[in-house]
Amino acid sequence: MTCTESTFPRIDMPEEDEAFGPPLGSIPRNPNYERHTPQSMNAHLSAKTSQEIYRIMKFASHHHADEEMFLIFDFVAAQQPLEHDTLEKWIEMFPPLAFTLMKRFIPQEDNALPEPIAGMAHTICRNIIRCANSLGIASLVAIEKMARSIADMDVEQYFDLLNLAAHSVRSHHLVQEVLLCLNDARLNSASNPFTQAMEHGHKFALSIAFDRADDAADECPCDDNGKPRKQRTSPSHVKLSSIADEPDHVRATVRVDAKTEVRLHSHVRLQAASKATNRWMQAPIMDGLVVQASKGELKISLLHTQPPEMELMDWNMYHAGITATSKAMMDAVLRLLQEGQECCNFHDIITGSKSETATEGEPGAVPIASSSAIEPPVNGRLNQSQIEAVKSCDVPLSLIWGPPGTGKTTVVVEILQELLKKSGNDDPPKILMTASTHNAVDNVLERFVAVNATKHLLPEEKILRVATDQSKVNENLKGYTVDARVGGDTNENNKLAKKAQERVKAAVLVFTTCAGMANNESPNLVLTK
């Protein structure tokens, strides 16, 4: 590619550099200029050092010289020994290069990547998924072609691919296809038979990913090309800026008075509001996760590559749901598979492993006290089945079922009292009371507070209400929240975060939703409603 003058914006490089050829400035498009062929590019690069080739690649990336990037990458991929770190860095910079690598190193008949690039399987598949919005079925074919390598990945890498697909593939139909392709690759490999626990974990991980993708589709529906449809609520307008030494993160500036649902742990979709004036480019769209939030500013972890013009453009920010619950669930399944019994004493019961599915009368089964041995509580208001339910807290794991109105909340409050009475005042247990909704959590907390006021089971400072969204907590119970205990909003004041963690660690009884449990330094789970 020969250039004489400039139309491209300036970038931070020397004004003259033989590695780049022409001086930087502005290069007019010349329809008669000769494009590089593989042969001419190879001849041009053969005389360059690795550092010069890297700088040429950065230059091509900055100016959207996609064809030249493919040629440069293919040249480097042909060199021996293979520079794995360089290739992985470039693929992360421009994901379609993953297809170039698979074209040069064709997968084997058993759908495994050949040995020279086998160790790059996670990076390659990750970036194939990042291309899915633009390349569609080609990404599905590529995933199928490397199915054996996906099956051989460790479980953490595989779960990362599920999470990435659920958050970054925007077409509702396509994300389902990608998730099913990943699942088929993982489970249909005869070379890697799974234990019952591993099968259980993979089934639930897939379900979590589907639920997260469905939630994103409901919150921010997109067309088959991955473009956000017109929403009921207008998107927020933001400016984005890069963060030094954090290429996968950006800072978003939002008007302080802007009405937006976006907050910490939000999944956002960023679509360029500015249109290209002299290119055929489509307006770029990026998915990201909010990892920090303060007034007027967000820190976003990007799932797609930021375009070089990002800071010069205006962006529309769409809210695509909250990720806290799905992340907590996926992390819990991962820990269950990686740590086994060390993670949870109920590991084999939860996963259905044969060794610990003991029924009553078998070794390992814990009998529930008979009704004749149960002493009715002092208040005398519980019926016989409720009394048995309360006494079930003596066993490692119990499931209490009852239709609406049968007194489950009353039973939970009684169980909390039983656990605290048995421990005494010297060494109280760490108890976590969770429910799926704020209303359910507050119902139990309100009743327990009333009981505690007369029975003095715990000092009030040992009772804590944890919530990611303080506005969802009952007004009468906000005095028990973390923010009230530390004297400020922990989402807006990072200095209070340490004090908040200390408060949670010091608490004996913590009330929170499942999502709230995931986002705080909570005690070990003892009780779940």
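Helices α3 and α4 are roughly antiparallel to each other, a term that applies to angles over 145 degrees, whereas angles under 35 degrees count as roughly parallel, 65 to 115 as roughly perpendicular and the rest as oblique. The structure is a predicted model, in which local features need pLDDT of at least 70 and side-chain atom pairs count only at pLDDT 80 or more, while totals for chains, interfaces and linings use all residues. Residues are numbered from 1 along each chain as its sequence is written, and side-chain values use heavy atoms, with hydrogens and water left out.

The protein chain contains 20 helices and ten strands. Here helices (H or I, at least four residues) and strands (E, at least two) are DSSP runs, numbered from the N terminus. Of the 529 residues in the chain, 45% are buried; buried means under 20% relative accessible area, exposed means over 50%, and partly exposed lies in between (1.4 Å probe, protein chains only).

The opening pair can now be described in detail. The axes of α3 and helix α4 (residues 84-93) come within 11 Å and cross at roughly 160°; such axes are lines fitted to C-alpha atoms, for helices over the stretch in contact, and the angles run from 0 to 180 degrees between N-to-C directions. The crossing in which α3 passes α4 is left-handed, that is, the near helix is turned anticlockwise from the far one by less than a right angle, whereas clockwise would make it right-handed. Met69, Ile72, Phe73, Val76 and Ala77 in α3 meet Leu87, Trp90, Ile91 and Met93 in α4, where contact means heavy atoms within 4.5 Å. By class, this contact of α3 with α4 holds nine nonpolar, no polar and no charged residues. In this classification Ala, Val, Leu, Ile, Met, Phe, Trp, Tyr, Cys and Pro count as nonpolar, Asp, Glu, Lys and Arg as charged, and the others, Gly among them, as polar.

The loop between α3 and α4 holds Pro81. A cis peptide bond, with omega at about 0°, joins Gln80 to Pro81. On the other side of α3, His64 lies in the loop between α2 (50-62) and α3 (66-77). His64 is buried, because its relative accessible area is 17%. Its side chain makes a polar contact with the side chain of Glu309 (2.5 Å); a polar contact is a pair of N or O atoms within 3.5 Å, and within protein one must be able to donate a hydrogen and the other to accept it, with residues adjacent in sequence counting only if both atoms are side-chain atoms.

Further along the chain, Glu115 is found in the loop between α5 (97-104) and α6. Glu115 counts as exposed, because its relative accessibility is 64%. By contrast, helix α6 (residues 121-130) is mostly covered, with ten of its ten residues buried.

A second helix pair is formed by α10 (residues 155-168) and α11 (residues 172-187), whose axes come within 9 Å and cross at roughly 165°. These two helices are therefore roughly antiparallel to each other. Among the residues of this contact, ten are nonpolar, one is polar and one is charged.

Two histidines remain to be considered. His265, in the loop between β2 (246-253) and β3 (266-272), has a positive phi near 75° although it is not a glycine. His265 counts as partly exposed, because its relative accessibility is 22%. His456 lies in the loop between α17 (438-455) and β8 (463-466) and has a positive phi of about 50°, again in a residue other than glycine.
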